[in-house]
Amino acid sequence: MSRSHPVQNYVVRFVLEHGKPQDRAMIIAKLTGQMNNMAKHKFASNVCEKALVTADSESRRQLIDEIMTPKQDGLSPIMGLIKDSFGSECRCYMGVWRMN
């Protein structure tokens with residue numbers, strides 16, 4: 001999944017919202033392990049937001065945990081998102097879902 005294509009994010013977000021469950025699962029699987037980097041990118045952050053909204057509860061928890069879980073250095077990736085202009089939008093979505 002490209003982070004830099006300005007139109008591709010619209011297609012991927014459309015599939016996340018209106019696509020078949022298996023297509024949605026495939027996209028979310030591609031995001032898994034990439035959320036921290038993708039959430040900081042202008043176009044890819046839109047896909048991350050849509051994934052957080054449309055994912056099933058197990059996948060959503062996995063994506064959120066990926067960003068919330070402290071790394072070996074003890075720092076949580078969420079700190080980088082808080083300081084990032086695009087990442088801060090994903091952080092807002094994660095806060096809503098984390099409370100549920």
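**Close-up views of an all-helix predicted model**

Of the contacts in the protein with a separation of 6 or more, 63% join residues 24 or more positions apart. The model is predicted.

**View 1. The whole chain holds seven helices and zero strands.** Read from the N terminus, the order of elements is α-α-α-α-α-α-α. The protein has 100 residues, and 35% of them are buried.

**View 2. Helix 1 (residues 8-18) has a buried face and an exposed one.** Asn-9, Val-12 and Leu-16 are the buried residues in helix 1. Looking down the axis of helix 1, these residues fall within an arc of 65°, so they line one face of the helix. A general point about α-helices applies here: with 3.6 residues a turn, residues three or four places apart point the same way. The cover over the buried residues of helix 1 includes helix 2 (21-31) and helix 4. Turned away from the buried side are the exposed residues Tyr-10, Val-11 and Phe-14.

**View 3. Helix 1 and helix 4 (residues 44-54) pack with their axes within 9 Å.** Two packed helices are described by the angle between their axes and the distance between the axes. Here the axes cross at roughly 0°. Angles under 35 degrees count as roughly parallel, so helix 1 is roughly parallel to helix 4. On the helix 1 side, the contact is made by Asn-9, Val-12, Arg-13, Leu-16 and Glu-17. Helix 4 contributes Asn-46, Val-47, Lys-50, Ala-51 and Thr-54.

**View 4. Asn-9 sits in helix 1.** Its relative accessibility is 4%, so Asn-9 counts as buried. The cut-off for buried is under 20%. Leaving aside neighbours within four places in sequence, Asn-9 is in contact with Phe-43, Asn-46 and Val-47. Asn-46 and Val-47 are among the helix 4 residues that make the contact with helix 1.

**View 5. His-41 lies in the loop between helix 3 (35-38) and helix 4.** The relative accessible area of His-41 is 19%. Buried means under 20%, so His-41 is buried. A polar atom of the His-41 side chain lies 3.2 Å from the backbone nitrogen of Phe-43. Phe-43 also appears in View 4, in contact with Asn-9. His-41 and Phe-86 are 45 residues apart along the chain, yet their C-alpha atoms are separated by 6.3 Å.

**View 6. Helix 5 (residues 57-68) has the span expected for its length.** At 1.5 Å a residue, its 12 residues should span 16 Å. The end C-alpha atoms are 16 Å apart, which agrees. Buried in helix 5 are Ser-59, Arg-60, Leu-63, Ile-64, Glu-66 and Ile-67. Seen down the axis of helix 5, the buried residues fall within an arc of 150°, so they line one face of the helix. The face turned away from that buried side carries the exposed residues Ser-57 and Glu-58. At the start of helix 5, a side-chain oxygen of Asp-56 comes to within 3.1 Å of the backbone nitrogen of Glu-58.

**View 7. Lys-71 lies in the loop between helix 5 and helix 6 (78-83).** Its relative accessible area is 45%, so Lys-71 is partly exposed. Neighbours within four places in sequence aside, Lys-71 is in contact with Glu-66 and Pro-77. Glu-66 is one of the buried residues of helix 5.

Definitions and conventions: Residues are numbered from 1 along each chain as its sequence is written. This is a predicted model: local features need pLDDT of at least 70, side-chain atom pairs count only at pLDDT 80 or more; totals for chains, interfaces and linings use all residues. Side-chain values use heavy atoms; hydrogens and water are left out. Helices (H or I, at least four residues) and strands (E, at least two) are DSSP runs, numbered from the N terminus. The expected span of a helix is 1.5 Å times one less than its number of residues. Buried means under 20% relative accessible area, exposed over 50%, partly exposed in between (1.4 Å probe, protein chains only). The arc is that of the directions from the helix axis to the C-beta atoms. A polar contact is a pair of N or O atoms within 3.5 Å; within protein, one must be able to donate a hydrogen and the other to accept it, and residues adjacent in sequence count only if both atoms are side-chain atoms. Axes are lines fitted to C-alpha atoms, for helices over the stretch in contact, and angles run from 0 to 180 degrees between N-to-C directions. Angles under 35 degrees count as roughly parallel, over 145 as roughly antiparallel, 65 to 115 as roughly perpendicular and the rest as oblique. Contact means heavy atoms within 4.5 Å.
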